[in-house]
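Here is a short briefing on one protein model. Look at the sequence and the structure first, then read the points below.

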Amino acid sequence: MPSMNVSLTPELIKIIRAKVKKGLYNNASEVIREAIRQLDTNAELIYQLKLDRLKKALEPGLRDLKEGRFAEYSLEALQRDLDRNPSA
């Protein structure tokens, strides 16, 4: 298995050693591998939660669009409106 050297703070080393000492892991490498797996899993869960929240926020607009409740607008019209009312 390839190896990698990393620098850890004294606090992180203490946590790793405590996990091994408690018998939760056989060695420091197991602790680090598990931490990286959890980091990856958590990142994926956070991504999914954000994506689900975005989809939910878009639902009313998509429903309006499907039911024909929308207005045609152009970039030029938007620019004109912003030029007339810069605080909008």
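The points below go from the overall form to one helix and one surface patch.

This is a predicted model. The protein has three helices and zero strands. Its radius of gyration is 26 Å, whereas a compact globule of 88 residues would be near 12 Å.

**Overall form**
- Read from the N terminus, the elements run α-α-α.
- The C-alpha trace spans about 65 × 30 × 25 Å along its principal axes.

**Burial and surface**
- Just 3% of the 88 residues count as buried; the cut-off for buried is under 20% relative accessible area.
- The protein exposes about 8500 Å².
- Carbon and sulfur atoms supply 59% of that exposed area.

**Helix α1**
- Helix α1 covers residues 10-21.
- Its 12 residues reach 16 Å from the first C-alpha to the last.
- That reach is close to the 16 Å expected at 1.5 Å a residue.
- Gly-23 follows α1 and has a positive phi, near 85°.

**Nonpolar patch**
- Met-4, Val-6, Leu-8, Leu-12 and Ile-15 make a nonpolar surface patch of about 500 Å².
- Ile-15, one of these residues, sits in helix α1.
- Is Ile-15 buried, partly exposed or exposed? Ile-15 is partly exposed, because its relative accessible area is 46% and partly exposed lies between under 20% for buried and over 50% for exposed.
- Ile-15 also passes the patch cut-off of over 30% relative accessible area, with its 46%.

Note on methods: Residues numbered from 1 in each chain as written. Predicted model: local features only at pLDDT ≥ 70, side-chain atom pairs only at ≥ 80, totals over all residues. Heavy atoms only, no water. Patch = residues over 30% accessible without salt bridge, like charges linked within 9 Å, V, L, I, M, F, W, Y side chains within 5 Å. Areas by Shrake-Rupley, 256 points an atom, 1.4 Å probe, with all protein chains shown as cover. Salt bridge = Lys/Arg side-chain N within 4 Å of Asp/Glu carboxyl O. Helix = DSSP H or I, 4+ residues; strand = E, 2+ residues; numbered from the N terminus. Buried < 20%, exposed > 50% of the residue type's maximum accessible area, 1.4 Å probe, protein only. Expected span 1.5 Å × (residues − 1). Rg over C-alpha atoms; globule rule 2.2 N^0.38 Å.
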